[in-house]
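Hi there,

Here is the structure I promised to pass on to you. Have a look at it first, and then read my notes below.

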Amino acid sequence: RFFIIKESFLLYYAESEKKSFESNKYFNIHPKGVIPLGGCIVEPKEEPNMPYAIKISHEDFHGNIVLAAESEFEQAQWLEMLQESGKVTWKNAQLGEAMIESLEAQGLQLAKEKQEYLDKLMEETEELCLQREQKEELERLNQVLEAEKHRFEEVVRELRLEQEQIRRELELTARSLKGVEEEKKELRSLTQSLQKTLEELSLEKQQMLEMLEENESQLPPPASPSKDQSPNWGLHCSLQQIEEKMQQLLEEKLLAEKRMKENEERSRALEEEREFYSSQSQALQNSLLELTAEKQQTERDLKAEVKVRMDLEKRLREAEEALQSLEQGLNSLDCNTEKEERMKADVSNLRKFFEECIRNAELEAKMPVIMKNSVYIHKAA
């Protein structure tokens, strides 16, 4: 016999069919017999006249079928092919058809879900593009805030230098005021001493005048008075010296009073200058405090912006990873429970991400109304 395996059947012909098969390369569709291999047990068998025998047995066969190959290699090939063909049974074929139908239905369902996911993916890609634009806008705002921060730092540095200069000028003004006060005290003591000397000289002048009047009343005038013989000449000289000294002391007193008045005006000017510098220093201090508070607020805003941007980048990375995983799951032909759970988790993460984006967008849209209501509430309060 000449045997041919066709799917799950073993066809046998007359031995002469072998030459025709080898020359024409196609088999006759009318064999002498057909043996179904489904459920058969195929195993090698040792026969005395057949060195490479193969036994085929089945519970429904009346006896066993024994074949023989021409070599050990062909025997191994036939064993493998017969065993593989024996796995195909009617029940398995029905199960296979049912599985094929189920796979086709799953394929249609997966194609539908893939299309839905692709549509959703397009929407989410647009959302991600918007998020990237927002991220770029945040980066631009961050750069602007950094430049503003540097400008604030420069202004604060300039204000500190100006405050230091004003402090030095105030110290110089204070030292000048101290010197003026000391000079004022000296002039006051000098004026007092000059006043006392003037009073003493006035008293002495009064005494000299009284003595002169007494002498003139007691002595008769001479016929030819001379300077050396006149007894009142010394008194007149002393009186003239006292008047000159009093005149000199009056001039010194006027000069001291003038200097004292100039010192008072200078002291007043220095006091006004000190008050001006103090007010300017206070204003600069207030400006410095305001700029420091504004700088701290800007730094807090920058930190908040950086934190928001980092959170946004993290959420974007997670969303992109979920999208990639979802796309890989959709493109994959294998479908199991683990992949479905992973895909569900990715869809859930994406849903949370875009729900949060929607909530943020709603808050931004409602922000003017919230601010308006807060102003009205403040006014009402």
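Let me start with Leu10. Leaving out neighbours within four places in sequence, Leu10 is in contact (heavy atoms within 4.5 Å) with Phe3, Ile4, Ile5, Gly33, Val34, Ile35, Leu37, Ile56, Leu67, Trp78 and Leu82. Leu10 sits in strand E2, which covers residues 9–13; helices (H or I, at least four residues) and strands (E, at least two) are DSSP runs, numbered from the N terminus. With a relative accessible area of 0%, Leu10 is buried. Here buried means under 20% relative accessible area, exposed over 50%, and partly exposed in between, with a 1.4 Å probe and protein chains only. The C-alpha atoms of Leu10 and Pro31 are 9.9 Å apart, and 21 residues separate the two along the chain.

A word on the basis of all this. The model is predicted, so local features need pLDDT of at least 70 and side-chain atom pairs count only at pLDDT 80 or more, while totals for chains, interfaces and linings use all residues. Residues are numbered from 1 along each chain as its sequence is written, and side-chain values use heavy atoms, with hydrogens and water left out.

Now the chain as a whole. It has five helices and six strands, and from the N terminus on the order of elements is β-β-α-β-β-β-β-α-α-α-α. The chain has 381 residues, of which 22% count as buried. Of the contacts with a separation of 6 or more, 63% are between residues 24 or more positions apart. The chain exposes about 28,300 Å², and carbon and sulfur atoms supply 52% of that area; accessible areas come from the Shrake-Rupley method with a 1.4 Å probe, and for residues only the protein chains shown count as cover.

Gln75 is another buried residue, at 12% relative accessibility. Its place is in helix H2 (residues 72–86). Not counting residues up to four places away in sequence, Gln75 touches Pro44, Tyr52, Ala53, Ile54 and Ala69.

Next, the charged side chains. How many salt bridges does the structure hold? There are nine salt bridges, each being a side-chain nitrogen of Lys or Arg within 4 Å of a carboxyl oxygen of Asp or Glu. Glu164, Arg167 and Glu171 are linked in a network of them. Within this network, Glu164 and Arg167 meet at 2.1 Å, N to O. These two are three residues apart in helix H3 (residues 90–218), so about one helical turn separates them. Arg167 also bridges to Glu171, where the closest N and O atoms are 2.7 Å apart. Arg167 and Glu171 are four residues apart in helix H3, again about one turn of the helix. As for accessibility, Glu164 is partly exposed at 31%, Arg167 is partly exposed at 39%, and Glu171 is partly exposed at 36%.

Another salt bridge joins the side chains of Arg259 and Glu183 at 3.2 Å, N to O. This pair links distant parts of the chain, with Arg259 in helix H4 (residues 233–331) and Glu183 in helix H3, 76 residues apart. Both ends are partly exposed: Arg259 has a relative accessibility of 38%, and Glu183 has 25%.

Which side chain of opposite charge is nearest to Glu124? Lys120 is, at 5.4 Å, and Glu124 is buried yet has no salt bridge. For such statements Lys and Arg count as positive and Asp and Glu as negative, while His and the chain ends are not counted. Glu124 lies in helix H3 and, leaving out residues up to four places away in sequence, touches Leu323, Leu350 and Phe354.

Finally, a negative surface patch is made up of Glu116, Asp119, Glu123, Glu126 and Glu127. Patches consist of residues with over 30% relative accessible area and no salt bridge, with like charges joined within 9 Å and nonpolar side chains (Val, Leu, Ile, Met, Phe, Trp, Tyr) within 5 Å. The place of a charge is taken as NZ of Lys, CZ of Arg, CG of Asp or CD of Glu. One of the patch members, Glu123, is in helix H3 and is exposed, with a relative accessible area of 52%.

Best wishes
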